Amino acid sequence: MTEPMLAAAAINRERKKFPPGAVVIDANENPLGPCDAAQAAVVSLAPQGGRYSYWLTDELVDTFAEQQGLKREYIRTFPGSSEPLHYSVLSFTSPTRSYVAGDPGYESGGKATKISGARIVNVPLTKSYAHDVPAMLAAAPDAGLFYVCTPNNPSGTLTRHADIEQLVAKKPKGSVVLVDEAYIHFADGADSVLDLVKADQDVIVLRTFSKIYGMAGLRCGFAVARPDLLQKLENCGGWSALPITAVAAATASLKHEHLLADRKLLNTTIRQKTLDWLSRQGYACVPSQTNFFMVDTKRPAREVIDAMAAKNVFIGRIWPAWPTHTRISVGTQPEMDAFMSTFDAVMKNAKTVSYALPSSALRVPRPRSGRIYADGQLLPT
């Protein structure tokens, strides 16, 4: 039953086969891939692929638990963070318990409400692009699950630890706060809420190796919460062994002393160079703390996406709340150079149109350390 549930919950993505030489910066992937140590671990373990090797998962969990000061029983491994996101929606929402998220935000969790029958409540972000906690609380006194992605996808912006604390303190009884920290390693001044899990609050934290660790194709991640909350997730899909290659790569990545700092610096440098160029050309971007950013194209963004694709540069998608913004993933420097030159050519041939943009649209700064859809329908992605 697990696979049909996930199939129904998953985002319907356009399946693309990119042409040779394409610049692919549309899915928040890490172009660096797994680090050298992770790649070596994959090669070393591949001959043992005929066995489950549960002991490898134990080593991964023990390593993460020691690094984060967690009890190992508060950690469950999954193939990435999508499964525990979907399972959380299935576990804590229902026709009488709503799913509450920021708008624009990552839509995947909303897809699982097709199974749980929950009402979807999308609450606009604040003027600083954070989750609007007071509005989220007011919009859904019947909430079963609050989803907070910080840094947020697609805005790339942070929600303060204090705001999440307020959400946990004031949420309806029996509801759960799900905090997605997929991009936290890229951010300056981001405070994880793992401390709330350690304090036995009604909080589930998601982590993934898909982003800064460059393992989107290998699939490995964690759900971190009190054991009783984790048990509810397991009731939805059970538990099975992860691919041993993914576990080995994840363990090697955690043990790599300088990996996070080195990759964060590289990403920040390339991102800022691109944002500075866009600002000089007169384009406003949302101030991002991640490996992606949102740029205002000053026209229907779908047109820009298609025009860029025609020139073999594939950029991200749009969100209905921001029709003239598109998400750009940060690639290698040569890839971003190609993006800038192609974007310049496309936009010089564009006819600017007037749109009502978010009131919080900002010019790109240097890095620094509404509308509620309450009818149960999720807008198209």
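**Exercise 1. Strand pairing around S11**

Find the strand that pairs with S11 in this predicted model, give the direction of the pairing, and say how many bridges hold the two together.

*Solution.*
Step 1. Look at strand S9, residues 292–296: five bridges join S9 to S11, and the two strands run antiparallel.
Step 2. Pick one pair to check the register. Methionine 294 of S9 has arginine 327 in S11 as its bridge partner.
Step 3. Now turn to the surroundings of S11, which spans residues 325–329. Five of its five residues are buried, and the strand is mostly covered.
Step 4. Sort the side chains by direction. His325, Arg327 and Ser329 point one way from S11, while Thr326 and Ile328 point the other way; all of them are buried.

**Exercise 2. Two arginines**

How far apart are arginine 317 and arginine 327, in sequence and in space?

*Solution.*
Step 1. Place arginine 317 first: this residue sits in the loop between strand S10 (313–315) and S11.
Step 2. Compare the two separations. The arginines are ten residues apart along the chain, and their C-alpha atoms are 5.8 Å apart.
Step 3. Check the exposure of arginine 317. Its relative accessibility is 23%, so arginine 317 counts as partly exposed. Arginine 327, by contrast, is among the buried residues of S11.

**Exercise 3. The two sides of H2**

Which residues of helix H2 are buried, and why can they be assigned to the same side of the helix?

*Solution.*
Step 1. List the buried residues of H2 (36–45): Ala38, Ala41, Val42 and Leu45.
Step 2. Consider their directions around the axis. The four cover an arc of only 100°, and therefore lie on the same side of H2.
Step 3. Inspect the other side of H2, where Asp36 and Val43 are exposed.
Step 4. Name the packing partners. The buried residues of H2 pack against helix H3 (54–68) and helix H11 (244–254).

**Exercise 4. H11 and its neighbours**

Describe how covered H11 is, then work out how H3 lies against this helix.

*Solution.*
Step 1. Count the buried residues: ten of the eleven in H11, which makes the helix mostly covered. Among them are Ile244, Val247, Ala250, Thr251 and Leu254.
Step 2. Find what these residues touch. The buried residues of H11 pack against H2, H3 and H12.
Step 3. Take the pair H3 and H11. Their axes are 9 Å apart, and the packing angle is about 25°. That angle makes H3 roughly parallel to H11.
Step 4. Add the handedness: H3 passes H11 in a left-handed crossing.
Step 5. Identify the contact. H3 contributes Leu56, Thr57, Glu59, Leu60, Thr63, Phe64 and Gln67, and H11 contributes Ile244, Val247, Ala250, Thr251 and Leu254.

**Exercise 5. H12 against H14**

At what angle do the axes of H12 and H14 cross, and which residues of the two helices meet?

*Solution.*
Step 1. Start with the geometry. The axes of H12 (residues 259–280) and H14 (residues 333–348) come within 10 Å and cross at roughly 15°.
Step 2. Classify the angle. Angles under 35 degrees count as roughly parallel, so H12 and H14 are roughly parallel to each other.
Step 3. Give the handedness: H12 passes H14 in a right-handed crossing.
Step 4. Read off the contact. From H12 come Ile270, Lys273, Thr274, Trp277 and Leu278; they meet Gln333, Met336, Asp337, Phe339, Met340, Phe343 and Asp344 of H14.

**Exercise 6. Backbone exceptions**

Here is some useful background: most residues other than glycine have a negative phi, and most peptide bonds are trans. Locate two cis peptide bonds and two residues with positive phi that are not glycine.

*Solution.*
Step 1. Scan omega. Aspartate 103 and proline 104 are joined by a cis peptide bond, with omega about 5°. Proline 104 belongs to the loop between strand S3 (98–103) and helix H5 (108–111).
Step 2. Continue along the chain. The peptide bond from threonine 150 to proline 151 is also cis, with omega near -5°. Here the loop runs between strand S5 (143–149) and helix H8 (161–170).
Step 3. Scan phi. Asparagine 28 has a positive phi of about 60° and lies in the loop between strand S1 (23–25) and H2. Its relative accessible area is 1%, so asparagine 28 is buried.
Step 4. Finish with tyrosine 129, whose phi is near 70°. Tyrosine 129 is in the loop between strand S4 (120–124) and helix H7 (133–139), and counts as buried at 2% relative accessibility.

Methods:
Residues are numbered from 1 along each chain as its sequence is written. This is a predicted model: local features need pLDDT of at least 70, side-chain atom pairs count only at pLDDT 80 or more; totals for chains, interfaces and linings use all residues. Side-chain values use heavy atoms; hydrogens and water are left out. Buried means under 20% relative accessible area, exposed over 50%, partly exposed in between (1.4 Å probe, protein chains only). The arc is that of the directions from the helix axis to the C-beta atoms. Contact means heavy atoms within 4.5 Å. Two strands pair if DSSP finds at least two bridges between them. Axes are lines fitted to C-alpha atoms, for helices over the stretch in contact, and angles run from 0 to 180 degrees between N-to-C directions. Angles under 35 degrees count as roughly parallel, over 145 as roughly antiparallel, 65 to 115 as roughly perpendicular and the rest as oblique. A crossing is left-handed if the near helix is turned anticlockwise from the far one by less than a right angle, and right-handed if clockwise.
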